[in-house]
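Subject: Structure handover and notes

Hello,

Here is the structure for your own work, with the sequence alongside. My notes on it follow below.

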Amino acid sequence: MTKKVTNKDTKIVNAGRKAEFSNGVVNPAVVRASTVVFNTVKEMNHALVNKNNNTMVYGRRGTTTAFAFSEAMTELEGGAGCALYPSGTAAITNAILSFVKTGDHILMLDSAYEPTRDYCDKILTNFGVQTTYYDPMIGADIETLIQPNTRIIFLESPGSITMEVQDVPAIAEVAHQHGCIVMLDNTWAAGINFNPFDYGVDISIQAATKYIVGHSDVMLGTATATAEHWPQLRDNSYLMGQCTSPDDLYLALRGIRTIGVRLRQHQQSALKVAHWLSQRKEVETILHPAFESCPGHEFFKRDFSGSNGLFSFVLNKGNKAAITALLDGMSHFKMGYSWGGFESLILANSNVQSIRTVTTWPYQYSLIRLHIGLEDVDDLIEDLTKGFERFNEVLAHY
Ligand SMILES: Cc1ncc(COP(=O)(O)O)c(C=O)c1O
């Protein structure tokens with residue numbers, strides 16, 4: 001296992017920047033196309049049969065802009081190839097659907113991104129594919145849940161909102177002994193801070209919408225696969241009509257070039273805010289993978305090379321009015337259902353248990369999720385300080 005990829009920053013600058021994609025300039029060109037034209041039958045047939053050689057055939061299969069981004073992602077994450085989707089959710093749903101059939105069973109972590117759960121419960125069930133949820137901290141005991149028809153074990157590490165870091169290699173080892181495919185939502189690590197294929201992952205999925213794009217202006221998904229699984233993932237995703245806009249891919253390629261420095265700054269500021277929060281009297285616990293209080297912290301230390309701007313904390317008191325007062329008056333933290341851009345975001349969740357079915361959420365009061373952006377960190381701490389003042393003022397009147 002390689003925890004740290006040497007020279008990752010150099011890779012970030014060079015990934016996918018082949019002369020054939022860029023025509024001599026620094027960045028690959030935006031090539032828009034539905035129709036690709038050929039002059040000879042030989043050329044046309046050659047393009048059609050060669051699925052992996054970056055030959056343009058028809059717009060849905062991608063143009064050189066898509067090939068450049070896809071190659072860049074494969075270089076960053078590893079694996080044999082990367083399929084592109086119009087959102088992270090599309091990447092998750094299509095990757096799963098590419099490998100299941102009626103009668104199959106999948107194992108899904110209890111702390112999965114909520115739409116991933118909904119897809120299992122509301123769509124896969126209609127096709128006769130059953131889902132069993134598992135405790136994200138289960139490790140090698142996942143074996144007890146594997147059935148003869150279990151096809152996929154799906155991981156997301158850290159888990160959405162509650163941030164549990166999973167023992168990926170322990171789960172992957174057992175999965176492979178039983179012939180199951182290991183899929184990981186690797187969005188938090190952004191293809192930078194965790195190397196999925198070194199830990200037994202077969203398909204690594206990202207909402208590139210987040211840190212890859214990095215500027216809150218594009219929806220995009222990726223699924224990168226091992227050589228064994230790449231042909232089926234690629235072919236089935238094509239069959240399901242998955243394709244992406246070259247303009248969006250251009251922005252994603254631009255995002256990649258600065259992801260190393262952005263992540264380091266997000267990490268530094270988020271750690272400062274998290275340490276400051278850990279001293280606040282209103283805070284019950286910090287759910288940041290770099291903190292001992294976060295479930296799976298030991299796996300974070302073992303397997304990850306860094307963190308980023310996204311973490312949660314839990315309050316030790318409060319009510320709806322107090323939390324509303326905290327959230328409503330923020331200057332820098334805006335409320336938004338996303339993360340990974342340059343800006344700070346805040347979200348409250350007072351009913352985590354409603355999105356869990358096999359684990360018990362141990363805390364009484366609201367969870368707050370923060371995305372720490374690239375603003376001056378002291379401005380962010382001041383914003384939170386004032387937020388706690390409003391919070392306490394409301395509580396004082398109850
Ligand atoms: C961990 C994780 N996975 C997947 C997604 C879905 O990505 P998208 O919004 O691009 O569909 C999100 C979005 O918030 C996410 O946080």
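Helix α4 (residues 64-77) and helix α9 have axes that come within 9 Å of each other and cross at roughly 35 degrees. The crossing of α4 past α9 is left-handed. On the α4 side, the contact is made by Thr65, Ala66, Ala68, Phe69, Ala72, Met73 and Leu76. The α9 side supplies Pro246, Leu249, Tyr250, Ala252, Leu253 and Ile256. By type, the contact residues divide into 12 nonpolar, 1 polar and no charged. Bear in mind throughout that this is a predicted model.

How confident is the prediction? The protein chain has an average pLDDT of 96, and 98% of the residues score at least 70. Confidence is lowest in helix α3 (residues 41-49), with a mean of 86, and highest in strand β4 (residues 150-156), at 99. As a general caution, predicted coordinates should not be read in detail where pLDDT is low.

More on α4

The helix α4 is largely enclosed by the rest of the structure, because 13 of its 14 residues are buried. Its length is also as expected: at 1.5 Å a residue, the 14 residues should span 20 Å, and the end C-alpha atoms are 20 Å apart. After α4 comes Gly78, which has a positive phi, near 95 degrees.

Lys8 touches one of the α4 residues named above, Leu76, and also Gly191, Ile192 and Asn195, not counting residues up to four places away in sequence. Lys8 belongs to helix α1. Is Lys8 buried or exposed? Its relative accessible area is 8%, so Lys8 is buried, the cut-off being under 20%. Lys8 and Glu75 are 67 residues apart along the chain, and their C-alpha atoms are separated by 10.0 Å.

Helix α10

The 20 residues of helix α10 (residues 259-278) should span 28 Å at 1.5 Å a residue, and the distance of 28 Å between its end C-alpha atoms agrees with that. Its buried residues are Ile259, Gly260, Arg262, Leu263, His266, Ser269, Ala270, Val273, Ala274 and Leu277. In an α-helix there are 3.6 residues a turn, so residues three or four places apart point the same way. What covers the buried residues of α10? The cover includes the helices α1 (8-14), α9 (246-257) and α13 (377-396). It also includes the strands β8 (283-287), β9 (310-315) and β12 (367-371). Helix α9 therefore appears in two places in these notes: it is in contact with α4, and it is part of what covers α10.

Two buried residues

Ala95 is in helix α5 (residues 88-97). With a relative accessibility of 0%, Ala95 counts as buried. Leaving out residues up to four places away in sequence, Ala95 touches Ala90, Met183, Ile203, Ile205 and Leu233. Glu71 is 24 residues from Ala95 in sequence, and the two are 18 Å apart in space, C-alpha to C-alpha.

Ile146 lies in the loop between β3 (130-134) and β4. Ile146 is buried too, at a relative accessible area of 14%. Beyond its neighbours within four places in sequence, Ile146 is in contact with Leu107, Ile153, Val174, His178 and Cys180. One of these, Leu107, is 39 residues from Ile146 along the chain, with 7.8 Å between the C-alpha atoms.

Backbone geometry to check

Most residues other than glycine have a negative phi, and most peptide bonds are trans. The following are departures from that pattern.

- Asn23 is not a glycine, yet has a positive phi of about 55 degrees. Asn23 is in the loop between α2 (19-22) and α3, and counts as exposed at 74% relative accessibility.
- Ser216, also not a glycine, has a positive phi of about 60 degrees. Ser216 is in the loop between β6 (203-207) and β7 (221-225), and is partly exposed, with a relative accessible area of 43%.
- Ser157 and Pro158 are joined by a cis peptide bond, with omega about 0 degrees. Pro158 is in the loop between β4 and α7 (168-177).

Regards

Conventions
Residues numbered from 1 in each chain as written. Predicted model: local features only at pLDDT ≥ 70, side-chain atom pairs only at ≥ 80, totals over all residues. Heavy atoms only, no water. Helix = DSSP H or I, 4+ residues; strand = E, 2+ residues; numbered from the N terminus. Expected span 1.5 Å × (residues − 1). Buried < 20%, exposed > 50% of the residue type's maximum accessible area, 1.4 Å probe, protein only. Contact = heavy atoms within 4.5 Å. Axes fitted to C-alpha atoms, helices over the stretch in contact; angles between N-to-C directions. Left-handed = near helix turned anticlockwise from the far one by under 90°. Nonpolar A, V, L, I, M, F, W, Y, C, P; charged D, E, K, R; others polar. pLDDT = per-residue confidence, 0-100.
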